[in-house]
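Work through the exercises below with the sequence and the model open. Each task is followed by its solution in steps.

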Amino acid sequence: MNALELFLKDFPTYQNTSRIDEIRRMDYAILDQQGHIYLDYTGGGLYATSQLEAHQELLRTHVFGNPHSYNPTSAQSTELVENARKYVLQFFNAPEDEYVCIFTQNASAALKIVGEAYPFGAGCRYLLTFDNHNSVNGIREYASARGASVTYIPVILPDLRINEAQLSAELHRHDDGCFNLLSYPAQSNFSGVQHPLEWIEQAQALGWDVLLDAAAYVPTNRMDLSRWKPDYMPLSFYKMFGYPTGVGALLARRSAMKKLSRSWFAGGTTTVASVRGNKYYPAEAPAAFEDGTLDYLNIPAVEIGLRHIQAIGYEAIHERVLCLTGWLLRELISLKHSNGTPLVKIYGPLDMEARGGTLAINFYDATGKLIEKRLLEKEGNRRGISIRMGFFCNPGAGEVALDISSDELSSCFSRPRYEERISDLDFQHCIDPKASGAVRVSVGLMSNFADVQAFIDFAGSLLE
Ligand SMILES: Cc1ncc(COP(=O)(O)O)c(C=O)c1O
């Protein structure tokens, strides 16, 4: 049997997703025409030609003005933006009386809204898992500046999941009179681990607010906000369907938005602002959190993208990702040098239980020495493979995976010349070779067997 036959035998449900192959041929033809092996879906999704055409057609056949007026061109923009907003809520099955959709520039901007305006205070807590993206880690700076205590719950090797008893103990430790926030990723952008969505209810029952970072989860997993009710859920649309970039959203419970208090206002965020009267009245969410002019030409393309995902169907996307990741894991683990030394180390779950299609990997030679990323990158690029190297803005998971201790980090960061600034390269000199991180391979919407097999062949070429 050849590799494809073996794959289909072991992952027979892949064939139920064959419509995606058809869509790829028609709507993503450039991928194969240009010989791309795209394996960086956690970095960014890919767009279909039909999305571009639908968007271009819309722009070609209308005149759109700034939505902050009531004239005809403005009204057309407002209508499309508000339709897109409604559709985003509908897509995530979010009841409109309970959730609000705030358009932002990306997931990071959505996170910043929460960080800036959450009522952290002395005695309050900001609790977060180690495997958060830096844009979630960054909220700790707002929390500690306002006197809240910041606590990280470590992820644990080999699976890079957390100890749930520890989480529960931390959730029970809080002051009732305070605002306390728990943040965690629904799917880690480092390891692909999917943390239980049940934590949302568990934390809320104890009086916590919950920020669920859905940026890496929603591209291949359905999120139903009538079932799971995080207080704040940031995401970036380009990660789901590639186009447009520059638009994200904060989906938030109306009650949770009422807790946020901003220390500035901007065009569009007030009902009335006065210079002589030295006063302003904040608008309600979403307007209160959408600074200045929205990206009103691109926001309609969000609805086009979401409808595109809807037409393909999460069931097929999810199934395909499960099959391809399962095969990738199995084949990579089986690669051994002639002396029996494994070629790869994969950080995170080695089976498909509660994980998505993101793999963090390192490669080793027959003596057990790490193969340099520079060499991997060169050979990967030569083969047209798009993968990501480093820590992927997720230092907590990376430090645990690569066993970089706090002592090692403090001794590096406390060197006089690194007190103010440190470059990537300096950091690598401090912690070398662990500081070079890992290789991230991620599958998504349009991945196929040939993509993952090309990566397995590339890995196989590193065997001695
Ligand atoms: C889990 C997660 N959260 C947040 C972000 C930030 O997204 P953006 O860079 O689009 O703001 C990313 C991006 O990689 C991510 O993977």
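The exercises cover helices, strands, loops and the ligand shell.

This is a predicted model, in which local features need pLDDT of at least 70, side-chain atom pairs count only at pLDDT 80 or more, and totals for chains, interfaces and linings use all residues. Residues are numbered from 1 along each chain as its sequence is written.

**Exercise 1. Check the length of helix H5 and find which of its residues are buried.**

Step 1. Helices (H or I, at least four residues) and strands (E, at least two) are DSSP runs, numbered from the N terminus. The expected span of a helix is 1.5 Å times one less than its number of residues. For the 20 residues of H5 (residues 72-91) that gives 28 Å, and the end C-alpha atoms are 28 Å apart, so the two values agree.

Step 2. A residue is buried if 20 or more other C-beta atoms lie within 10 Å of its own, exposed if 12 or fewer, and partly exposed in between, with C-beta atoms placed from the backbone. By this rule Ser77, Leu80, Val81, Ala84, Arg85, Val88 and Phe91 of H5 are buried. Seen down the axis of H5, the buried residues fall within an arc of 135° (taken from the directions from the helix axis to the C-beta atoms), so they line one face of the helix. Pro72 and Glu82, on the other side of H5, are exposed.

Step 3. Two residues are in contact if their C-beta atoms, placed from the backbone, lie within 7 Å. The buried residues of H5 pack against strand S2 (99-104), strand S10 (248-253) and helix H13 (299-312).

**Exercise 2. Repeat the length check for helix H19 and list what its buried residues pack against.**

Step 1. H19 has twelve residues (449-460), for which the expected span is 16 Å; its end C-alpha atoms are 16 Å apart, which agrees.

Step 2. Asp451, Val452, Gln453, Phe455 and Ala459 are the buried residues of H19.

Step 3. Their packing partners include helix H1 (3-10), helix H14 (314-334) and strand S17 (438-442).

**Exercise 3. Are the faces of strand S7 covered or open, and which strands pair with S7?**

Step 1. In S7 (residues 181-185), five of five residues are buried. Leu181, Ser183 and Pro185 lie on one side, Leu182 and Tyr184 on the other, and both faces are covered.

Step 2. Two strands pair if DSSP finds at least two bridges between them. S7 pairs with strand S3 (residues 125-129) in the parallel sense over three bridges, and Leu128 stands opposite Ser183.

Step 3. Strand S8 (residues 209-213) also runs parallel to S7, joined to S7 by five bridges. Here Leu181 stands opposite Asp209.

**Exercise 4. How many residues of strand S11 are buried, and how does S11 pair with S12?**

Step 1. The number buried is zero of the five residues of S11, so the strand lies largely in the open.

Step 2. S11 and S12 pair in the antiparallel sense over four bridges, with Ala273 opposite Tyr280.

Step 3. The two strands form a hairpin with four residues between them, and Asn278 in the turn has a positive phi of about 50°. Asn278 counts as exposed because it has 7 C-beta neighbours inside 10 Å.

**Exercise 5. Where do the cis peptide bonds and the positive phi of Asn93 occur?**

Step 1. Most residues other than glycine have a negative phi, and most peptide bonds are trans.

Step 2. A cis peptide bond with omega about 0° joins Leu157 and Pro158. Pro158 is in the loop between strand S5 (155-156) and strand S6 (161-162).

Step 3. Ala285 and Pro286 are also joined by a cis peptide bond, with omega about 10°. Pro286 lies in the loop between strand S12 (279-282) and H13.

Step 4. Asn93 is not a glycine, yet its phi is positive, about 55°. Asn93 lies in the loop between H5 and S2 and is partly exposed, with 14 other C-beta atoms within 10 Å.

**Exercise 6. Which residues around the ligand come nearest, and how does the shell divide?**

Step 1. A residue is near a molecule if its C-beta atom, placed from the backbone, lies within 6 Å of it. Of the 14 residues around the ligand, Asn106, Ser108, His133, Asn189 and Ser236 come nearest.

Step 2. Ala, Val, Leu, Ile, Met, Phe, Trp, Tyr, Cys and Pro count as nonpolar, Asp, Glu, Lys and Arg as charged, and the others, Gly among them, as polar. The shell then divides into five nonpolar, eight polar and one charged.
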